[in-house]
Amino acid sequence: MSIAERVEKEYLEAYKAKDKNRLETLRLLKTAAKNRQVELMQSLVPLSDDEYMTVLLRQVKQRQESIELYRNANRNDLADKEQAELEILQEYLPKQLSEEELKEVIEKACQPYLAEGMKAMGKVIKSIMDTYKGQVDGKLVSEAVKARLQKA
């Protein structure tokens, strides 16, 4: 079952169960996906799982940034709402890599570029993010790759 089909199915279930939070979150996700579909000018062709994952990751990142801003502004009510939406969206992401797995991935990805040093940081991050889309946090990868390449 594709991500889009799963979202649609769970959207209908949330509608029938009158689960307001889940319904609103999935509605926003579906709207963002539809907007992306229009951007790509493929209104007759549904988004691929890869494209849908990109939309989903954007929505997750947006929620994370909102939570941080709301907490800094001492608006915990809004931060809690965003946190609830974030938890719903994260159900659609693939399983996250553990810390040890991430270290192994970074070590493998950095090996060919150690001689280049920090110049290769972008290449390494891009290869990891492309390979493990949705399974790793970009900030963590960036920090870990930077630390690894500085050691070299």
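A residue counts as buried when its relative accessible area is under 20%, as exposed when that area is over 50%, and as partly exposed in between. With those cut-offs in mind, select Glu65, which sits in helix H3; because its relative accessible area is 43%, Glu65 is partly exposed. Keep Glu65 selected and add Ala79, which lies 14 residues away along the chain, and you will find the C-alpha atoms of the two separated by 10.0 Å.

Before going further, bear in mind that this is a predicted model, in which the protein chain averages a pLDDT of 90 and 99% of the residues score at least 70. If you colour the elements by mean pLDDT, helix H4 (residues 76-90) has the highest value, 95, while helix H7 (residues 138-151) has the lowest, 86.

Next, select helix H1, residues 3-17, whose 15 residues should span 21 Å at 1.5 Å a residue, and whose end C-alpha atoms are indeed 21 Å apart, which agrees. Within H1, pick out Ile3, Val7, Glu10, Tyr11 and Ala14, which are buried. Turn the view to look down the axis of H1, where these buried residues fall within an arc of 115°, so they line one face of the helix. In general, an α-helix has 3.6 residues a turn, so residues three or four places apart point the same way.

What covers that buried face? Show helix H2 (20-39) and helix H3 (49-72), which are included in what covers the buried residues of H1. Then rotate to the other side of H1, where Tyr15 and Lys16 are exposed. Finally, step just past the end of H1 to Lys18, which takes a positive phi of about 60°.

Conventions: Residues numbered from 1 in each chain as written. Predicted model: local features only at pLDDT ≥ 70, side-chain atom pairs only at ≥ 80, totals over all residues. Heavy atoms only, no water. Helix = DSSP H or I, 4+ residues; strand = E, 2+ residues; numbered from the N terminus. Expected span 1.5 Å × (residues − 1). Buried < 20%, exposed > 50% of the residue type's maximum accessible area, 1.4 Å probe, protein only. Arc of directions from axis to C-beta. Contact = heavy atoms within 4.5 Å. pLDDT = per-residue confidence, 0-100.
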